[in-house]
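Reader: I would like a close look at one part of this model. Please take the sheet in the first chain and work outward from there.

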Amino acid sequence: MGGPLGQRVRRLGATPPAPAAAVTREGEVGGGAASGRQPAGVPLLEVSDLRVRFRSRGGVVHAVQGISFTVEPGQTVAIIGESGSGKTVSAYAMMGLLPRTAQVAGSIRFKGTQIVGLGERALQEHRGRNVAMVFQNPERSLNPTMKVGSQITEAIRRHLQLSRPQAHERAIELLRLVRMPAPEQRFHEYAHQLSGGMRQRVVIAIALACEPALLIADEATTALDVTTQGQIMDLLLDLQQQLGTALVMISHDLALAATYAEEIMVMYAGRIVERALAGDLFGSVRMPYTRALLDAVPRVELEPHVLLPVIGGRPPDMVTIPPGCAFAPRCPDAQHDCVQAIPPLQEHEPGHWWACWHPCGKEAPGDIGDDLTGRG
Amino acid sequence: MTSETTSPAEADAAAAVKREGEVGGDALLDVRNLVQEFVLRDYGGARGGVLQAVSDVSFELRAGETLGIVGETGSGKSTLARSIIQSPPPKQGAVIFQGKNLVGLPRRAMKLARRNMQMVFQDPFTSLDPKWTVSRIVEEPLIAYRLGSRHERREQVSSLLDRVGIDPARYGVRHPRELSGGQAQRVAIARALVLEPKLVLCDEPVSSLDVLVQAQVLNLLEKLRREMGLSYLFIAHDLALVKQVSDRVAVMYLGKLCEIGPVRDIYRRPMHPYTLALLASIPSPVPASGKRGGTSVISGELPSPLDPPSGCRFRTRCPRAQERCAAEAPELRPLGADGHLVACHFPVTEASGPRREPAAATH
Amino acid sequence: MAAPVASVAVGLPDAGGGTPQRQTRGRGVLRSLEITIPGGLLLVLLFFCFIWPLVYPVPSPTYGSVLNANLPMWSPGHIFGTTQVGYDNMARILYGGRTTFEVAAAVQAIGLLIGGGIGVIAGYVGGITESAVMRVLDVFIAFPSLVLILVIADALGQSELHVIWALSVFSIPFTARVARAGTLRLRDQPFVVSARLSGVKAWRIISTHIVPNLMPQLVTLSLLGAGLVIIIESGLDFLGYGIPDPAPSWGGMIAYGQTVMSVTLAPLVVPSLFLFGTVVCLNLLGDGLRSRWGVR
């Protein structure tokens with residue numbers, strides 16, 4: 001980073017941990033032989049018209065309403081959305097973790113194999129071996145009564161045929177890989193003896209135990225301090241480089257996605273509404289919802305006591321599907337046709353997809369409205 | 001506020017406050033040498049270690065200004081807020097609010113003194129009684145202070161709910177669980193404002209809300225601030241957020257104040273290494289030239305609050321630490337712009353030279 | 001840091017900052033079978049024990065002629081037969097049920113009021129008061145309850161009232177403990193802290209904030225405990241400590257039924273079934289309400 005702040009950081013004298021190779025994130029789709037990625041062609045994960053519904057007391061909840069995307073080997077993708085957007089449900093679907101009360105339609109192909117409809121045994125094989133997940137709260141992911149090392153070896157031995165001492169060694173290797181200080185000692189400790197950042201490292205180690213080709217991080221750093229967040233995200237990206245793992249980050253934090261992801265997908269009300277490479281997304285936002293998200297985030301560059309431009313209203317409840325574009329009731333640029341037909345997600349520009357009848361141009365934002373505080 | 005006869009001690013405190021209010025007006029809140037401790041119990045109830053969550057913190061808050069308090073886990077910022085409102089009261093130190101020291105006040109005087117200080121908590125669903133209706137929740141402080149007739153109270157509740165963006169006719173009879181997170185937090189804000197306080201302590205008021213709702217509520221807080229002339233003590237971990245709302249910012253680490261000063265100064269010319277590290281860790285939504293920003297500049301783990309490092313508490317993770325840092329705890333000293341104070345032996349200024357070899361971080 | 005408010009369970013859709021936590025009113029208490037069936041049965045039983053004898057000429061449970069002694073089940077005019085001195089068994093069941101319910105209700109009410117009151121106050125006030133109260137209660141809890149109850153009942157003598165006192169010694173500390181634990185948990189909740197900050201007086205906080213939020217837990221506890229009280233009470237009667245003969249009680253009837261077991265099973269089985277059924281219904285109702293109200 002440049003500017004006066006950057007100079008002060010340099011004067012601070014700390015050397016950021018050097019990544020394995022100089023990392024530039026532009027134009028790397030399908031290339032980068034040095035990073036150990038397979039050439040493009042066979043997508044690692046191919047989601048096609050995924051729909052998920054739940055029965056609940058209030059009716060049928062349409063959590064995901066037809067999303068399609070692909071993840072290439074070694075790619076870093078972010079799925080951004082607020083509560084109720086369907087991002088977490090999509091992630092669980094990719095893992096095969098949805099409960100039996102969920103009705104899943106559509107297709108999820110991992111290296112060509114269909115995941116939807118697989119039996120439990122096959123799914124168990126799939127989880128951990130092919131795909132692993134890092135959850136938000138490390139306290140919930142780790143067994144408080146088991147030593148952390150044992151939890152790693154447990155994961156190892158479930159999927160790989162290793163003897164106990166071999167598994168132990170591999171576990172220590174993994175702890176080293178996730179930059180855990182004093183790994184041999186930490187192996188024998190319990191979760192409550194570790195800090196939040198260290199616990200999350202253990203969770204990552206467990207996730208990587210069998211070197212899955214895809215790692216899903218569901219708000220993995222949300223519960224961590226900002227300094228730890230930086231450490232963990234750097235770690236994840238470095239591991240990606242080393243192991244060639246693809247990473248899907250689920251988050252509500254656009255800034256985080258911008259910093260760490262190559263491609264970003266924005267979800268609203270169960271659909272993908274915009275998808276682009278990180279640079280393109282922020283350089284030329286098209287979907288008014290994405291722009292609203294960007295505008296509403298406090299930024300350090302802004303002056304204090306400025307009112308943030310924000311739209312009112314709330315996302316629709318997922319039981320009654322509104323006609324047309326789900327965002328139309330709140331959209332400052334909405335027109336008549338927006339409530340009549342759902343705009344399809346299309347690649348309007350190379351590498352930049354959006355689902356909007358009246359996308360934003362590159363000029364000034366639309367009419368925001370007077371009441372910036374929103375009404376209940 | 002009702003006038004009361006002041007004791008000699010209180011008169012002294014008030015006079016001291018008047019003396020110190022040199023820069024731009026009287027201090028609404030004057031916190032001095034605040035210490036808060038928790039005794040940890042071992043199994044069986046035996047006395048374990050003592051956790052000093054807040055260690056000798058002093059600062060001022062002037063009328064009409066917003067002081068942002070920033071810190072990470074273990075910084076003690078939430079404990080600081082609770083100590084200021086005396087719930088529980090601090091072990092040592094003084095909290096002088098509108099000229100009265102709240103520490104040690106008898107209950108009746110405390111109730112009167114605290115009327116102008118209210119608090120908004122992080123999670124609205126635990127800060128609102130789930131069995132009560134919205135109107136009743138907002139009305140409760142008025143009843144407790146016996147203000148107004150029933151009719152007048154209802155009027156005030158209605159108008160206040162309206163002001164925070166909640167339709168009283170529709171939502172007045174609802175219970176908190178029937179509201180969304182943003183709506184519930186508005187109700188909590190309304191309740192905090194119904195007594196028309198001078199100071200509102202906000203402990204992470206928007207952290208549990210979605211991005212768009214968060215912006216709405218922040219705008220609401222700003223609007224109310226302007227209309228009602230409120231002062232805020234705003235606690236958050238999100239640096240960008242704190243900058244958005246504050247006039248001055250204080251940075252805490254492991255129970256101590258590292259740096260405090262006017263907001264623009266802190267963000268443009270931070271001097272404490274911890275502040276710099278925090279600012280450097282912020283991921284930015286507009287990445288410069290596609291390079292990975294927000295890389296971690298800070299290493300190591302947070303030391304145990306039970307047994308903090310000697311001298312400067314940040315030294316185990318600070319790249320500029322020297323021997324002096326282990327021997328001597330740095331005092332908060334003015335440096336740079338007016339009102340900018342730093343507690344560091346080797347702060348980062350324009351004049352400081354290139355990186356020195358960091359001393360081994362032993363403890 | 002906290003994420004946007006979202007429901008925790010795996011796979012469930014988020015209902016966070018954008019949408020209310022509970023959008024529909026949900027089905028009422030009456031609609032779930034696990035509550036209505038046991039509740040309904042209990043109500044039917046209560047009706048027959050308390051109201052039916054007022055409208056229908058049920059024979060007195062302690063009046064009978066030796067000429068009618070030992071009639072078997074399904075005899076005309078005496079559906080459940082008669083005892084060895086001619087008392088109608090059906091009437092004895094109904095009036096015995098009265099005793100059962102009266103004792104259970106009284107004991108649990110005393111437990112709620114006194115025990116709950118002590119527990120809430122001790123929990124809220126804390127300090128020495130709390131410690132002192134809890135230590136005293138600990139003494140009572142430490143005694144094997146059955147032994148304690150027997151001793152008290154024996155010392156006081158046989159009567160329904162004395163049974164109630166004896167059993168209250170058991171239910172008061174029990175409820176007090178739960179009430180105290182609940183109060184401790186609620187006391188540190190932000191909404192209680194808020195109320196204190198708003199200047200609300202302690203007694204008002206307790207009565208308007210703490211108690212209403214404790215009620216679901218205490219009510220379900222009372223219902224579940226009622227089953228236990230009934231069993232112990234019947235045990236007392238069975239052993240001869242409780243309700244004195246010839247007043248009817250289910251426990252006493254079971255004791256008698258035991259003596260004639262080899263000859264006829266009905267005198268044993270019928271009161272046992274009533275006892276069993278009542279306790280099961282109370283337990284089911286308590287459990288159903290507990291899950292319906294989300295009490296931990």
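Author: What follows starts with the open sheet of chain A and then moves to its loops, its confidence and the other chains.

The model is predicted. Start with the sheet. Eight strands of chain A form an open sheet. Their order is S6-S7-S8-S3-S9-S10-S12-S11. The pairing is mixed. Two strands sit at the edges: S6 (131–134) and S11 (346–349) of chain A. Each of these pairs on one side only. From one strand to the next, the twist averages 25°.

Look at one pair within that order. Strand S7 of chain A covers residues 214–218, and strand S8 of chain A covers residues 246–251. They pair in the parallel sense, over five bridges. A:Leu214 stands opposite A:Ala246, which belongs to S8(A).

A helix covers part of this region. Helix H8 of chain A, residues 196–207, lies across S6 and S7 of chain A. It runs at about 170° to S6(A).

Now follow the order to S9 and S10. The loop between strand S9 (263–268) and strand S10 (271–277) of chain A holds A:Ala269. Its phi is positive, about 50°, although A:Ala269 is not a glycine. Most residues other than glycine have a negative phi. Is A:Ala269 buried or exposed? It counts as buried, because 25 C-beta neighbours lie inside 10 Å.

A:Asp49 makes a useful companion. It is also a residue other than glycine with a positive phi, near 50°. A:Asp49 lies in a strand, S1 of chain A, residues 45–56. A:Asp49 has 12 C-beta neighbours inside 10 Å, so it counts as exposed.

Next comes A:Thr101. It lies in the loop between helix H2 (87–95) and strand S4 (102–110) of chain A. A:Thr101 is exposed, because it has 11 other C-beta atoms within 10 Å. Which residues does A:Thr101 touch, leaving aside its neighbours within four places in sequence? The contacts are A:Phe54 and A:Arg55. A:Gly324 is 223 residues away from A:Thr101 along the chain, and their C-alpha atoms are separated by 28 Å.

How far can chain A be trusted? Its pLDDT averages 82, and 85% of the residues score at least 70. Residues 13–39 of chain A have a pLDDT below 50. Beyond near neighbours in sequence, that stretch has 38 contacts in the model. Residues 362–370 of chain A also stay under 50. There the model has 14 contacts beyond four places in sequence. Where pLDDT is low, the predicted coordinates should not be read in detail.

Turn to chain B. A cis peptide bond joins B:Ser87 and B:Pro88, with omega about 0°. Most peptide bonds are trans. B:Pro88 is in the loop between helix H2 (77–84) and strand S4 (92–97) of chain B.

Helix H12 of chain B, residues 273–280, is a separate case. Eight of its eight residues are buried, so this helix is largely enclosed by the rest of the structure. Among them are B:Pro273, B:Tyr274, B:Leu276 and B:Ala280.

Chain B also touches chain C. The contact takes 31 residues from chain B and 25 residues from chain C. Five elements of chain B each supply at least two residues to that side: helix H3 (107–114), strand S6 (117–120), helix H4 (124–127), helix H5 (134–144) and helix H8 (181–193). H5(B) gives the most, with three residues. By class, the side of chain B that touches chain C divides into 10 nonpolar, 11 polar and 10 charged residues.

Finish with chain C. What elements does chain C have? It has nine helices and zero strands. From the N terminus on, the elements run α-α-α-α-α-α-α-α-α. Chain C has 296 residues, of which 43% count as buried. Take its contacts between residues at least 6 apart in sequence: 66% join residues at least 24 apart.

One helix pair in chain C deserves a closer look. Helix H2 (residues 89–125) and helix H5 (residues 160–187) of chain C pack at an angle of about 35°. Their axes are 5 Å apart. The crossing of H2(C) and H5(C) is right-handed. The contact of H2(C) with H5(C) has 20 nonpolar, 11 polar and five charged residues.

How values were computed
Residues numbered from 1 in each chain as written. Chains lettered and ligands numbered in written order. Predicted model: local features only at pLDDT ≥ 70, side-chain atom pairs only at ≥ 80, totals over all residues. Helix = DSSP H or I, 4+ residues; strand = E, 2+ residues; numbered from the N terminus. Buried ≥ 20, exposed ≤ 12 C-beta atoms within 10 Å, placed from the backbone. Contact = placed C-beta atoms within 7 Å. pLDDT = per-residue confidence, 0-100. Nonpolar A, V, L, I, M, F, W, Y, C, P; charged D, E, K, R; others polar. Axes fitted to C-alpha atoms, helices over the stretch in contact; angles between N-to-C directions. Left-handed = near helix turned anticlockwise from the far one by under 90°. Pairing = 2+ DSSP bridges.
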